[in-house]
Amino acid sequence: MFSRDEKGSKESDTIIGRSVKVKGDFLGEGNLIIDGEFEGTITTLGSLFFGEKSHITAQISGGNAKILGKVNGDIKLSGSIDLGKNAEVVGNISATSISIEHGAIINGHIIITKGSTENPRA
Amino acid sequence: MYVYIYDQIINSKNYQSLTAKIETRLTDLGLNGKIVRLNPMHNLERTIKDEVKSNCTIVLVGNDSLINSAFGILKGLDVTIGIIPIGKNGNNLARTYGINSEMEACNILAARKIAHLDLGVANNSVFLNHLSIKSSKSFIESADNLTLETNSPSIITIKCLSSTEDYGASISNDSHRLQLTINSSIKNHYLSKPTTSTTSIISSKFLINGNFSATLDDCITLSAPITVSVLKNGAKIIIGRYRL
């Protein structure tokens, strides 16, 4: 899921640790790993991993995503989404496939698209 | 033309035999040039301004403190810089460039493998290796409109992601950018030891504010606020084969 050579991108991963609060617009090509707080927008060609302690308020566009924490905002992916047992999503989800672990909470619409190759940055 | 700038510490008798050995080796390699010894009457800035001419090679003979100060003056100039580390301690910068001892440094000068490296600029000072901050509360703004806030004891480190084209390696998208890393310790009520969290962000510029002081290459101290940017290809350095 977090292969460095994914889509030929050489950009490094961005990691936001548990003790850090970030505000703003994240625009990148690499993977994004968040275990802290984020507020703003997230747009990347890479994959997203939101840890158990993450608290995200953002409009999100990306490749694949694995969510274990709380997300407030719409999620639009060109790949798949995995929601862990403690995940809480308030917003609409659009992805090519979805996996929801028992205990995850979703408050919004889920749209499963056909293998879209849509560029999240377009 | 080679100009050798000797740090003040080398004026001590302890280093006489070592400098004689270095000078003999440099003569054997055909690298002899002008020697300028720094002393309270002959300061670094004046010496460099007097000696620098286009296409000359300035060789810094000393430790990290001399090298960092000299790069602050030489930044952006069309001068090739060589390094001869002296002594066993305080030579982390030389080691970063694959130069581990005085005699190895002479051979490296002869091999003349030149790298165009980025320099980090913090306010008006430069750093070659890293900038580090110990802080319990800090605010960071990146050029990409991201604002970061830390509220726990953290060590913030900024490094240049220099290009490596001189080694035939592929050029990363991250060349000419800075990598900011925050290592924080978080108290956990269930564990006696605090856990650590890491944050890593890449950008071309950072503004850091808070109540702290920063150290550049472990030798210069700056107080907040600090603006950190990159000087692209700010230095032409003669480096060793096995640069870190």
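## Strand pairing in chain A

Two strands count as paired if DSSP finds at least two bridges between them. In this predicted model, β6(A) and strand β8 (residues 70–72) of chain A clear that bar, with 3 bridges in the parallel sense. Within that pairing, Thr57(A) sits opposite Asn72(A) of β8(A).

β6(A) has other partners too. Strand β4 (residues 37–44) of chain A runs parallel to strand β6 (residues 55–62) of chain A, and 7 bridges hold the two together; here Phe38(A) faces Ile56(A) of β6(A). Then there's strand β9 (residues 75–77) of chain A, which pairs with β6(A) over 3 bridges, again parallel. Gly62(A) has Leu77(A) as its bridge partner in β9(A).

## Where the chains meet

The contact between the chains draws on 18 residues of chain A and 22 residues of chain B. On the chain A side, β1 (14–16) and β2 (20–28) each chip in at least two residues. β2(A) gives the most, with 8 residues. By residue type, the chain A side splits into 6 nonpolar, 5 polar and 7 charged.

Which strand of chain B is joined to β2(A)? That would be strand β9 (residues 146–150) of chain B, which runs antiparallel to β2(A), with 5 bridges joining them. One place to look is Gly24(A), whose bridge partner in β9(B) is Leu146(B).

## Chain B overall

Chain B has 5 helices and 16 strands. Its radius of gyration is 20 Å, close to the 18 Å that the globule rule gives for 244 residues, so chain B is as compact as a globular protein of that length. Along the principal axes, the C-alpha atoms of chain B fill a box of roughly 65 × 40 × 30 Å.

As for the inside, 38% of the 244 residues in chain B are buried. Take the contacts in chain B with a separation of 6 or more: 70% of them come from residues 24 or more positions apart.

## Two domains in chain B

The domain assignment cuts chain B into domain 1 (2–112) and domain 2 (120–231). Their C-alpha centres lie 29 Å apart, and the contact between the two domains takes 10 residues from domain 1 of chain B and 10 residues from domain 2 of chain B.

On the domain 1 side, α3 (64–74) and α4 (92–96) of chain B each supply at least two residues. The largest share of that side comes from α3(B), with 5 residues. The domain 1 residues touching domain 2 of chain B divide into 2 nonpolar, 6 polar and 2 charged.

## A closer look at α5(B)

Helix α5 (residues 102–111) of chain B has these buried residues: Glu102(B), Ala105(B), Cys106(B), Ile108(B) and Leu109(B). Why do they end up on the same side of α5(B)? Because they cover an arc of only 165° around the axis. The spacing fits a familiar rule: an α-helix has 3.6 residues a turn, so residues three or four places apart point the same way.

And what do these buried residues of α5(B) pack against? Their neighbours in chain B are α1 (16–28), β3 (57–62), β4 (80–85) and β16 (226–238). α5(B) is followed by Arg112(B), which has a positive phi, near 50°.

Conventions
Residues are numbered from 1 along each chain as its sequence is written. Chains are lettered from A and ligands numbered from 1 in the order in which they are written. This is a predicted model: local features need pLDDT of at least 70, side-chain atom pairs count only at pLDDT 80 or more; totals for chains, interfaces and linings use all residues. A residue is buried if 20 or more other C-beta atoms lie within 10 Å of its own, exposed if 12 or fewer, and partly exposed in between; C-beta atoms are placed from the backbone. Helices (H or I, at least four residues) and strands (E, at least two) are DSSP runs, numbered from the N terminus. The arc is that of the directions from the helix axis to the C-beta atoms. Two residues are in contact if their C-beta atoms, placed from the backbone, lie within 7 Å. The radius of gyration is taken over C-alpha atoms; the globule rule is 2.2 Å times the number of residues to the power 0.38. Ala, Val, Leu, Ile, Met, Phe, Trp, Tyr, Cys and Pro count as nonpolar, Asp, Glu, Lys and Arg as charged, and the others, Gly among them, as polar. Domain bounds come from an automatic or database domain assignment.
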